[in-house]
Amino acid sequence: MSIRKNLALMRGGIMDSLHYRLSTFTTLFANLIYLVLMYYLWKAIYASAGTDRVNGMTFNDTMIYLILATALFNFLEMYIVWDMSRSIQSGQIILDLLKPMQYRKYIFWNYSGPLLINFLLNFIPTFLIVMWITGGAIPMGLNLLYFAISTILALMVNYNIDMIVATICLYTESTWGINIVKETIVLLLSGATIPLVFFPEALANVIHWFPFRAVYDAPLSILLKKNGTDTVNGLLETLGFQAAWAVLLAIAGTLFWRHAVKKITVNGG
């Protein structure tokens with residue numbers, strides 16, 4: 001019965017995503033503009049560096065990484081904080097809490113449909129285009145399977161980070177500023193906007209232990225066989241790092257939610 005409920009929520013999310021097709025195409029167009037800007041920015045950076053390789057990455061390596069990071073971001077981003085904040089302000093969250101399903105599980109499966117659509121309509125085409133343009137620069141082999149596993153772990157980490165920040169809404173009723181800070185930190189320290197190899201070594205060593213690296217840099221490193229993930233030990237270390245943070249954040253998020261939901265207030269009561 002639980003599986004049927006989960007699949008029903010996923011199906012509903014898919015139907016919503018397909019209903020708002022213009023939003024999908026608008027996002028793709030905005031991403032295209034962003035990638036063009038990134039191309040010329042990094043072109044200028046490499047031109048000023050006076051070398052074909054910076055911190056072990058060529059210009060093509062950097063662009064492949066950033067293009068796939070952008071596609072991965074569009075796939076993994078859930079906008080839970082924005083939706084929960086509006087739900088609290090409107091009082092809709094009360095009805096959601098009364099549903100015969102745990103709220104955190106309900107939120108996850110409700111977003112699973114759009115995630116699947118974004119993966120099929122955004123990441124897969126981007127991956128194929130990069131493969132075609134670069135002439136097969138992305139390694140093809142078991143790394144694809146490990147990348148799939150790593151992406152699932154990245155999704156769990158990202159979901160739990162979002163849920164922890166969203167739970168703050170129960171205290172503040174609005175988390176616009178907090179969410180902007182969260183998104184900036186995650187995008188910067190996860191490698192989604194700047195590959196982590198470009199950070200100063202001292203800072204990179206600190207960031208290495210943060211959970212944000214598990215969202216984008218870890219799966220991309222596995223896909224591209226970078227940062228030591230081309231070895232068994234490096235691969236297991238990266239997957240273990242992601243799994244550990246997924247479990248820790250899930251526990252922390254669950255405990256925080258159970259405490260915070262007792263403090264809930266909505267407009268009108």
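In this short talk I will go through the core, one helix, a surface patch and one loop residue of the structure above.

This is a predicted model, in which local features need pLDDT of at least 70, side-chain atom pairs count only at pLDDT 80 or more, and totals for chains, interfaces and linings use all residues. Residues are numbered from 1 along each chain as its sequence is written, and side-chain values use heavy atoms, with hydrogens and water left out.

Let me start inside. The largest nonpolar core, meaning buried Ala, Val, Leu, Ile, Met, Phe, Trp, Tyr and Cys residues joined through side-chain atoms within 4.5 Å, has 68 residues, and those with the most contacts inside it are Leu68 and Ile138. Its largest share, 12 residues, comes from helix α3 (residues 59-76), where helices are DSSP runs of H or I with at least four residues, numbered from the N terminus. Leaving aside neighbours within four places in sequence, Leu68 is in contact (heavy atoms within 4.5 Å) with residues including Phe123, Ile138 and Leu224.

Now to helix α12, residues 232-260. Its 29 residues should span 42 Å at 1.5 Å a residue, the expected span being 1.5 Å times one less than the number of residues, and its end C-alpha atoms are 41 Å apart, which agrees. Among its buried residues are Leu235, Phe241 and Trp257, buried meaning under 20% relative accessible area, exposed over 50% and partly exposed in between, with a 1.4 Å probe and protein chains only.

Finally, Ile194 lies in the loop between α9 (176-189) and α10 (201-207), and counts as partly exposed because its relative accessibility is 31%. Ile194 and Asp217 are 23 residues apart in sequence and 9.8 Å apart in space, C-alpha to C-alpha.

Methods:
Helices (H or I, at least four residues) and strands (E, at least two) are DSSP runs, numbered from the N terminus.
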